[in-house]
Amino acid sequence: MNLILTASCNNADDFKKSGYDAVKNEFSDWCDSSKCIFAKIDEKNVV
């Protein structure tokens, strides 16, 4: 199963550092982190 999430935030770079990177390892029991990606759409939206 593939899952795609989009998010709106105040600052995409801060979200990656403080959100995505900080909790990515917590999902390793149900998610293959080698296949996870983070993409910045613009300064306030990410995939």
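The exchange below goes through a predicted model of a protein.

Colleague: Which pattern do the helix and strands of the protein follow along the sequence?
Modeller: The model is predicted. The protein has one helix and three strands. Read along the sequence, these elements give the pattern β-α-β-β.

Colleague: What share of the residues counts as buried?
Modeller: The C-alpha atoms fill a box of roughly 30 × 20 × 15 Å along the principal axes. A residue has to fall under 20% relative accessible area to be called buried. Of the 47 residues of the protein, the share that does so is 9%.

Colleague: What part of the exposed area do carbon and sulfur atoms supply?
Modeller: The protein exposes about 4,000 Å². Of that area, the part supplied by carbon and sulfur atoms is 53%.

Colleague: What share of the contacts with a separation of 6 or more comes from residues 24 or more positions apart?
Modeller: Contacts here are counted with a separation of 6 or more. Within that set, residues 24 or more positions apart account for 58%.

Colleague: How many salt bridges are there?
Modeller: One salt bridge is between Asp13 and Lys40, and another is between Asp21 and Lys16. Glu43 also forms a salt bridge with Lys40. The count comes to three.

Colleague: Why does the salt bridge of Asp13 with Lys40 tie together separate parts of the protein, and how many residues apart are they in sequence?
Modeller: The closest N and O atoms of Asp13 and Lys40 are 3.2 Å apart. Asp13 belongs to helix H1 (residues 12-23) and Lys40 to strand E2 (residues 40-42), so the pair links parts whose separation in sequence is 27 residues.

Colleague: Is Lys40 buried or exposed, or in between?
Modeller: Buried would require under 20% relative accessible area, and exposed over 50%. Asp13, the salt-bridge partner of Lys40, is at 44% and counts as partly exposed. Lys40 has a relative accessible area of 37%, so Lys40 is partly exposed.

Colleague: Which residues are joined into one network by salt bridges that share partners?
Modeller: Lys40 forms a salt bridge with Asp13. Lys40 also forms one with Glu43, where the closest N and O atoms are 3.2 Å apart. The shared partners give one network of Asp13, Lys40 and Glu43.

Colleague: How far apart are the closest N and O atoms of Asp21 and Lys16?
Modeller: Asp21 is partly exposed at 38% relative accessibility. Lys16 is partly exposed as well, at 30%. The two form a salt bridge, and the distance between their closest N and O atoms is 3.0 Å.

Colleague: Where is Glu43, and which residues does Glu43 touch, leaving out those up to four places away in sequence?
Modeller: Glu43 sits in the loop between E2 and strand E3 (45-46) and is partly exposed at 46% relative accessibility. The C-alpha atoms of Glu43 and Cys9 are separated by 8.3 Å, although their positions lie 34 residues apart along the chain as a separation. Leaving out residues up to four places away in sequence, Glu43 touches Asn10, Asn11, Ala12 and Asp13.

Colleague: What is the accessible area of the nonpolar patch on the surface?
Modeller: The patch is formed by Leu3, Leu5, Val23, Phe27 and Trp30. Val23 is in helix H1 and, at 31% relative accessibility, counts as partly exposed. Together the patch residues have an accessible area of about 540 Å².

Colleague: How far apart in space are Lys17 and Leu5, C-alpha to C-alpha?
Modeller: Lys17 is in helix H1 and is exposed, with a relative accessible area of 58%. Lys17 and Leu5 are 12 residues apart in sequence. C-alpha to C-alpha, their distance in space is 17 Å.

Colleague: How far apart are the mean positions of the positive and negative charges?
Modeller: The protein has 6 positive and 8 negative charges. The distance between their mean positions is 3 Å.

Key: Residues are numbered from 1 along each chain as its sequence is written. This is a predicted model: local features need pLDDT of at least 70, side-chain atom pairs count only at pLDDT 80 or more; totals for chains, interfaces and linings use all residues. Side-chain values use heavy atoms; hydrogens and water are left out. Helices (H or I, at least four residues) and strands (E, at least two) are DSSP runs, numbered from the N terminus. Buried means under 20% relative accessible area, exposed over 50%, partly exposed in between (1.4 Å probe, protein chains only). Contact means heavy atoms within 4.5 Å. Accessible areas come from the Shrake-Rupley method with a 1.4 Å probe; for residues, only the protein chains shown count as cover. Lys and Arg count as positive and Asp and Glu as negative; His and the chain ends are not counted. The place of a charge is taken as NZ of Lys, CZ of Arg, CG of Asp or CD of Glu. A salt bridge is a side-chain nitrogen of Lys or Arg within 4 Å of a carboxyl oxygen of Asp or Glu. Patches are made of residues with over 30% relative accessible area and no salt bridge: like charges are joined within 9 Å, nonpolar side chains (Val, Leu, Ile, Met, Phe, Trp, Tyr) within 5 Å.
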